[in-house]
2 protein chains.
Amino acid sequence: MNKKDLFANLDKMFFPKSVAIVGSTDIPGKWGFLITSNILGNAYKGKVYPVNSTKKNIMGCPVYPDLKDVPDGVDLAFVTIPAKALPETLKTCIAKNIRAVVIISSGFSETGQEGKLLEKEIVDIATQGGITFIGPNTMGIASMHNDLVSVGTPVHPLKGGLGIISQSGNLGTQIIQWSISKNIGLGIYAGTGNEAQLKTNDLLSYFGSRHEVSAIALYIEGISDGKGFMESVKHITKVKPVIALKGGRTSTGSQAVKSHTGSMAGSAEIYNSMFKQTGVIQVDNPSELLYVAGAMSVLPVPKGNRIGIMSLGGGWGVITVDECEMADLKVPSLSEHIIEDLNKWLPSFWNKANPIDLVGEPNPELHIHTLNLLANWDEVDSVIALGTVGQVAFYRTGLENQERIMGKKFSPEIVESVLKARSDVELNFFKEMARLQKETKKPILAVSLAQEDTDFMVNTEHGNVITLPTPEEAVNIIKHMVRYRNYIDSL
Amino acid sequence: MNKKDLFANLDKMFFPKSVAIVGSTDIPGKWGFLITSNILGNAYKGKVYPVNSTKKNIMGCPVYPDLKDVPDGVDLAFVTIPAKALPETLKTCIAKNIRAVVIISSGFSETGQEGKLLEKEIVDIATQGGITFIGPNTMGIASMHNDLVSVGTPVHPLKGGLGIISQSGNLGTQIIQWSISKNIGLGIYAGTGNEAQLKTNDLLSYFGSRHEVSAIALYIEGISDGKGFMESVKHITKVKPVIALKGGRTSTGSQAVKSHTGSMAGSAEIYNSMFKQTGVIQVDNPSELLYVAGAMSVLPVPKGNRIGIMSLGGGWGVITVDECEMADLKVPSLSEHIIEDLNKWLPSFWNKANPIDLVGEPNPELHIHTLNLLANWDEVDSVIALGTVGQVAFYRTGLENQERIMGKKFSPEIVESVLKARSDVELNFFKEMARLQKETKKPILAVSLAQEDTDFMVNTEHGNVITLPTPEEAVNIIKHMVRYRNYIDSL
């Protein structure tokens, strides 16, 4: 299939106006139930046609006994029925001019020789009929700008720019769940399943072409066409970052890959070299994959490797500087104009160095002022602000201390007003971070004082900013962005 | 001072029956306020004597105009008044037979030559008078088995076995805040400040001697007496783990150390070698310091490096195996008796390998059964269970999907009962983990499916178990424990 037809089919797959669910059911726990309830529960706005030969109504939708009974046109069919029924179902799809199919059903090449033959049969039918299918044995797809969530786990992902392609469905679904708790918005997700017909390379090209996706996270266990991968990905990395986690980098890991997806994992060196040559950012584990890709889906790419740091106290500055040097980032000495400026704000013994140690001074204006000084300083390319945000937990405990001492509780209004006042201070700081990030095109990252206190991604009127629980994670994100910058500049 | 007298003074410092606070105040934000409100707000059970020349009553306690006016004996004095008043205050302490002092006040060697002289003066007074003081310029101490929290940030730490010694107060306080959100119990904490008299080495020896402390986390920027450090610590690591983070390991980092605590950071190689020779576990950043030390404060040390893994799905197993091999851990092939046993429980195409892939089977008995098989398998020394726990978020979203489909809400009772049923399944799994951990003396770690869903440390009737948000963190903890085991075995 040529690229134009393929992308047209993938538009039907990821941006369908109507979907049929072959094997839909209202029996909890079954795939047909999970897909249907996730589609309806995430308020998909297109038409939904459940197909089931024994039910009349599923979750409030009229049911059709067979796919061919659906009276209207269908853009995308999900299939969860047993493997052996697939050839017939695909023929019906062809007859109904359905060009995109998501095959959830398992029982194909992953189960042995018989399954392999069946898989070959459905590929032949689909290819001859002009159908593009993902799977079989995929754990689903999601397309947030079309409000379509059809994975096998109940999740309500947020809308955003992150694309995820995963050769493991359970890893992909777990990363989606994490993205929700980190407030990271998802663009498109695809679990590739057995890749009988549609390959990771095809999806990568398609994600690269879509404006809804600003950064692509990739979990791969094995790529069958390495040359094709390099060809596709090097065009994408010119315009948007691709962040990859390779499963099976070790000898025991590649054994586990074989037992999982049946892929030959290939040597780690080959993948390292492929990624390096094509500007793919390689990460070491799933959380790093999400954090780096999530951050890069909203942050500007820094122009160089110089970092300005502000801190509430000395120890955090030391740790952050160590991390920077180990990541090949530079922490330049503070310019005279910044020292002179801050002399007016800080006690005489302040450290006059980068990281700027605010020695615990609480004045919110000082923090905003220092942030402006660093962001506008032409000797740095990125800024890290340690500890200004993430203090609400301390205010709450302070109030609890007072309550214990007084032997009575504050009214909920008082508690709320104190915590809101502090939240507002932090929200103002986030807004200023976003404003400066937009204006200066430098990434500005915050590190939270209390680990649980802020979301990873904070949405503000001026754009999105990233807040991390630890300095090492902030440095790691900047490190990867700088490497990406170096790759782009080398082209 | 000999060790016996020193430890007697430190008993007064960390387990006082009465404390005076010289400089106590009810003006929010001041150190005298923060210390007093944290002591009272954490329900310290000993006597509290605020000292302030202008107040009659602070937070419900009668106030004494001068330390010498306190009518009763005092075990420990906190001092927050200006530096120049310290010599006089220490003389009063001597007169009142107070042997332990926490000097919060700053304005000593960290501010210049004059401060240096003043610091020398107070050391001389204290040493001649038989006083042991911590600081000056410390951000406080905490001793949870004495309900004494006297740090400068409002926190309510939990009670447990973790000892923390920090050469940065703000880093120490932040780690304490994290420990609360991770449900990690604290034994004793000391922020060392300027270490004018009491050194990190002394505190290390003392923490090593106390049964309340089962593992010690150490943040150091510089040790003045390296030989003394090695002498102290090698006795401690024989009986309990010491986990260290060295600040200033890089050249820019050591510049930052100089500007922070004034220490000479020393070369990273010297510290690496000191740690290696004495069995100190070195970590790379603050969160790793907390997680490894927190875990080791409750887990048995594994006998070797062989890991058994169970997983809900293939991708997570692959990732975990990669992490294991990179950490020099072995993932042995599954024994025949386990394969035969699980053949009775799992579909015929199950992977028959370690990691055991439960292919999403939800049956709680299967999970408990598999856990037992792995824990009792004599070819592994540690067990990692991926994804059985941390599913409550998915159940919640599943209910929300149904609500959206029905167009109405479930009653709070129904929601609660569904979520409780799932929580109970997971709690039972945690209990079984703890039971098996106790019985087999193998560490058994869980990795949660949803990142925010479970505490890091889970307390059960059979003991505490650790649950991690990611497989790499579980593997990292086991890696450090195995290295510690190798050190112990080499003695």
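Here is a short walk through one sheet, one helix and the meeting of two chains.

First, some housekeeping: this is a predicted model, where local features need pLDDT of at least 70 and side-chain atom pairs count only at pLDDT 80 or more, while totals for chains, interfaces and linings use all residues. Residues are numbered from 1 along each chain as its sequence is written, and chains are lettered from A and ligands numbered from 1 in the order in which they are written.

Let's start with the sheet in chain B. Its 6 strands (DSSP runs of E, at least two residues, numbered from the N terminus) form an open, mixed sheet in the order β16-β15-β17-β18-β20-β19. At the edges sit β16 (356-357) and β19 (457-460) of chain B, each pairing on one side only; pairing takes at least two DSSP bridges. Inside that order, β17 and β18 of chain B run parallel, joined by 4 bridges, and Leu386(B) stands opposite Val447(B).

Now look at helix α14 of chain B (helices are DSSP runs of H or I, at least four residues). Helix α14(B) covers residues 392-406, and just after it Gly407(B) takes a positive phi of about 75°. Its buried residues (20 or more other C-beta atoms within 10 Å of their own, with C-beta atoms placed from the backbone) include Thr397(B) and Asn401(B). What covers them includes α2 and α5 of chain A, plus α15 of chain B.

That brings us to where the chains meet: 71 residues of chain A are in contact with 71 of chain B, contact being C-beta atoms, placed from the backbone, within 7 Å. On chain A's side, α11(A) gives the largest share, 12 residues.

Notes:
Expected span 1.5 Å × (residues − 1). Buried ≥ 20, exposed ≤ 12 C-beta atoms within 10 Å, placed from the backbone. Contact = placed C-beta atoms within 7 Å.
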